Structure formats: structure tokens, C-alpha cells
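Biologist: I am new to this structure. Please take me through how its labels are earned.

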Amino acid sequence: VISLPTEVDGHRIRVGCDVVPFADVQNSLAAFGDGYLRKVFTTSEIDDCQGSNRAHGLAARFAAKEAVIKVFAEPDMAFPWREIEVTRDGPLPLLRLSGSLAERAQQQGWRSSSLSLSHSDCHAMAVVLVVCGAPESD
Amino acid sequence: VIQKKIRDVLVAHGRMAVNAGEVDDQADLYDLGLTSHASVDVMLALEDAFDIEFPDEVLKKSTFASVRNIEQVIQDLVKAVA
């Protein structure tokens, strides 16, 4: 029996994942339209998700936001979805945090992140990996 | 009256496997099948039903974890508006 370490060389690795059905996003768009978009997505994300695959892109971005929330591992923390943004660097999706979540990530010692998005014919999924150094002392 | 409106919204938008009209007001809605994405719909429908807006600071998992929790947050928001 071995007890696996929770950190390597002083760095903790955190992982979050989530799956979102396209149909859920399509239903939200049909029921709440712009109200849904404005509550959850940044202007840039809305601009990036246009055309016939709009629900696919939005579902993947929502999955990424929920995956990030799981990485924080603080259920009583407020998570304004718009403070978590998926951007692109060529083919690579990237994460950008702002506001209270950017501050909290800094306090938790987040150093770098990696985001992977995928989808099947009916679901989108996201995996987020974050490397943390020492958390800031309070 | 507040709980009745909350339950009506959960039935319409919660997409849970159980009848939200009859669940215990302290039952864990996530355990009963409420997903994070469905909680967005529930929040938007509650904003319409009560003519309120959920500010960023109440966008917590725990806010939507039970009928009782939702009721408490709405009561506070309605009071703040009045």
C-alpha cells in the first residue's frame, strides 16, 4: 500500500471536469434568450459562438466554467460565471479569470492552467488542470 | 406563497427526476438531479417570477441547494428591493 503525495516538488495539481448536453443550452436560449447569454457568457465568448454550432460552443464554454469552479473546491464561494472566460490562442483554448475569482485564484496559489474541450454528437465536455504553488498566507 | 412559486419554477426548469412540487424543503436538490446548468435556468425564471436580480455575491452552489435556501435568498433580495 502506498499513500500518494498531494503535491510534487512543492506544486499541487488540481483537476476539474464537466459535461453539458447541447440540448440544455438550446432550451435555455429558447426560454431566456439574451438574458441567459448575458448572465453566463462574456461579450467575447458570445461573439466567438455564432452560426450553426452556436450551442456546441456555448455548452463547451459552460462546461469549462463549471470545471474551473470544481478546481476552486470551495462550495460556499460565489461564482459569477462571467468572471471565467474561455479565449483562444490559435487552436488552443485558454482560461482568463477576472474580478473576485482572479483574486481567489491568486490567494490559492494558481500558477498556470490548461484547458481541454471536446464534444460528442450531443454533449460538450471540459477538463481543466491547474498547477498551484504555495497559497498566499492570510 | 414564496415556496409555491419556487416549486413551480423548479418543476418547469429544474429538469429533476422527482416532482419538485413535493420534495422536502431541505432536501438536497443537486442530489435529486438538479444540474449546474439547470440551476441557471431556475435562477433566470426566479428573477422573472419575483422581479428581482440575483447579484454576483449570491451565485453560490449553496443558494440553489434546497427550496429552503432559495426561499431565504429570495426573501433577502425582496427585502433589499422594498
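Modeller: Start with a definition. A salt bridge is a side-chain nitrogen of Lys or Arg within 4 Å of a carboxyl oxygen of Asp or Glu. Keep in mind that this is a predicted model.

Biologist: What makes Asp25(B) and Arg68(B) a salt bridge?

Modeller: Their side chains meet at 3.1 Å, N to O. The cut-off is 4 Å, so the pair counts. The two residues sit in distant parts of the chain, 43 residues apart. Asp25(B) is in the loop between helix H1 and H2 of chain B, and Arg68(B) is in helix H3.

Biologist: Why is Asp25(B) called buried?

Modeller: Its relative accessible area is 16%. Buried means under 20%, so the label fits.

Biologist: And why is Arg68(B) called partly exposed?

Modeller: Arg68(B) has 38%. Partly exposed lies between under 20% and over 50%, so that label follows.

Biologist: How do you know that the salt bridge of Glu53(B) and Lys39(A) joins two chains?

Modeller: The side chains meet at 3.7 Å, N to O. Glu53(B) lies in a loop of chain B and Lys39(A) in helix H2 of chain A, so the pair joins two chains.

Biologist: Which of these labels fits Glu53(B), buried or exposed?

Modeller: Exposed: Glu53(B) has 58% relative accessibility, and the label needs over 50%. Lys39(A) is buried, at 10%.

Biologist: How many salt bridges does a search of the whole structure find?

Modeller: The search finds 12 over all chains.

Definitions and conventions: Residues are numbered from 1 along each chain as its sequence is written. Chains are lettered from A and ligands numbered from 1 in the order in which they are written. This is a predicted model: local features need pLDDT of at least 70, side-chain atom pairs count only at pLDDT 80 or more; totals for chains, interfaces and linings use all residues. Side-chain values use heavy atoms; hydrogens and water are left out. Helices (H or I, at least four residues) and strands (E, at least two) are DSSP runs, numbered from the N terminus. Buried means under 20% relative accessible area, exposed over 50%, partly exposed in between (1.4 Å probe, protein chains only).
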